[in-house]
Amino acid sequence: MLKRWTGVFLGALLVLALAACGEDKANQTSKSDVEKPEVSAEEGTGSGDSTEEAENGEASDMQIGVTAKDFQTNFNKFAEEVGIPERVDNLDWRESGSEGDHEIIDMKYDEDRRMQLLAKKGEEEVRSVMFSMFGDRKEAFGVVRSIIRGADPAASEEEVDGWMEELHFSDPETESTEDYHFVKTDKFNLLAEDSETYIEFVISNVNDPDINAENFEAGEL
């Protein structure tokens with residue numbers, strides 16, 4: 001069966017978030033009695049750094065650096081160049097997770113092919129993209145390549161060629177001999193479950209604490 005980002009995974013995220021929240025509250029309580037040092041106008045508060053990072057469009061640990069609209073534009077362009085039929089054909093978000101803390105764009109092309117975009121509710125940038133397909137694994141190669149280029153259109157052809165080779169998705173004549181292939185780039189986790197008749201590919205932020213090789217292989221996504 002196709003794997004889905006469901007309440008099990010997102011419920012785990014909620015537990016982690018609640019735990020972190022509790023720890024923050026405890027830290028705030030313990031620090032409330034400590035006198036805060038005075039900060040002059042010249043010294044500032046340091047908030048300008050985070051503002052500058054946001055303005056520069058740097059992705060957080062739970063984003064891959066593009067909005068759904070950007071990904072749609074990029075993916076569809078590269079999909080046409082590669083010559084594959086798949087397109088990002090809608091941007092309709094719906095709630096996902098037991099607490100509705102994430103949203104998902106779900107595109108089911110047929111009974112065997114599906115793409116999903118995941119984002120934290122209220123955020124424009126995508127957290128991760130998943131594609132799964134039953135059938136000839138070679139047919140998925142162009143989709144995987146277009147997903148990578150959709151997330152990082154500035155990546156060079158040589159870089160993408162190297163990542164595809166590490167994923168064992170570069171030579172159509174080569175059969176997969178392993179169940180999983182993982183690649184870490186400067187920006188991304190590239191995660192693939194690979195068999196003769198089934199492919200699942202996920203791209204996430206390289207620092208994402210939950211969407212990573214360990215959880216992917218454990219079937220926790």
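Here a biologist quizzes a modeller about a predicted model of one protein chain.

Biologist: Before we get into it, how do you know which parts of the chain to trust?

Modeller: I go by pLDDT, the predictor's confidence in each residue, from 0 to 100. The mean for the protein chain is 79, and 72% of its residues reach 70 or more. Local features need at least 70 here. Residues 6–57 are another story: pLDDT stays under 50 there, and the model has 22 contacts beyond four places in sequence for that stretch.

Biologist: Fair enough. What makes up the fold, then?

Modeller: Six helices and seven strands. Reading from the N terminus, the order is α-α-α-β-β-β-β-α-α-β-β-β-α.

Biologist: What makes you say that the seven strands form an open sheet, and in which order do they sit?

Modeller: Two strands count as a pair if there are at least two bridges between them. β1 and β2 pair over three bridges, β2 and β3 over seven, and β4 and β7 are joined by seven. Each of those counts clears the cut-off of two. The full order is β1-β2-β3-β4-β7-β6-β5, with antiparallel pairing. β1 (94–96) and β5 have a single partner strand each, so each has one side without a neighbour and stands at an edge of the sheet. On average, neighbouring strands are turned by 20° against each other, direction ignored.

Biologist: Which residues face each other across those pairs, say Ser96, Glu103 and Ser132?

Modeller: Ser96 has His102 in β2 as its bridge partner. Glu103 is opposite Ala119 in β3, and Ser132 is opposite Glu200 in β7. As for the turn between β2 and β3, a hairpin connects them through four residues.

Biologist: Why is β2 called mostly covered?

Modeller: Buried means under 20% relative accessible area. Five of the seven residues of β2 are buried, so "mostly covered" follows from that cut-off. For the protein chain, with its 221 residues, 42% count as buried.

Biologist: What lies across the sheet?

Modeller: Two of the helices to look at are α3 and α4. α3 lies across β2, β3 and β4, and runs at about 150° to β3. α4 lies across β3, β4, β6 and β7, at about 10° to β7.

Biologist: And what makes a group of residues a nonpolar core?

Modeller: The residues have to be buried, be of the nonpolar kinds, and be joined through side-chain atoms within 4.5 Å. The largest set that passes has 36 residues, and Met115 and Ile147 have the most contacts inside it. At least two residues come from each of α3 (68–82), β2 (102–108), β3 (113–120), β4 (128–134), α4 (141–151), α5 (157–166), β6 (188–194) and β7 (198–205). The largest share, six residues, is from α4. There is also a second, separate core of eight residues, including Leu118, Met130, Val202 and Ile211.

Biologist: Which residues does Met115 touch, if you skip its neighbours within four places in sequence?

Modeller: Among them are Phe71, Phe75, Val88, Ile105, Val129, Phe131, Val143 and Ile147. Each of these has heavy atoms within 4.5 Å of Met115, so each counts as a contact.

Biologist: How do you know that the buried residues of α5 line one face?

Modeller: Val160, Trp163 and Met164 are the ones buried in α5. Looking down the helix axis, the buried residues fall within an arc of 100°, so they line one face. An α-helix has 3.6 residues a turn, so residues three or four places apart point the same way. On the other side of α5, Glu158 and Glu165 are exposed. The buried residues of α5 pack against α4, β5 (180–184) and β6.

Biologist: What makes His168 stand out?

Modeller: His168 has a positive phi of about 70° although it is not a glycine. His168 comes just after α5, in the loop between α5 and β5.

Biologist: Why is His168 called partly exposed?

Modeller: Its relative accessible area is 30%. Buried would need under 20% and exposed over 50%. His168, at 30%, falls in between, so "partly exposed" is the right label.

Notes:
Residues are numbered from 1 along each chain as its sequence is written. This is a predicted model: local features need pLDDT of at least 70, side-chain atom pairs count only at pLDDT 80 or more; totals for chains, interfaces and linings use all residues. Side-chain values use heavy atoms; hydrogens and water are left out. Buried means under 20% relative accessible area, exposed over 50%, partly exposed in between (1.4 Å probe, protein chains only). The arc is that of the directions from the helix axis to the C-beta atoms. Axes are lines fitted to C-alpha atoms, for helices over the stretch in contact, and angles run from 0 to 180 degrees between N-to-C directions.
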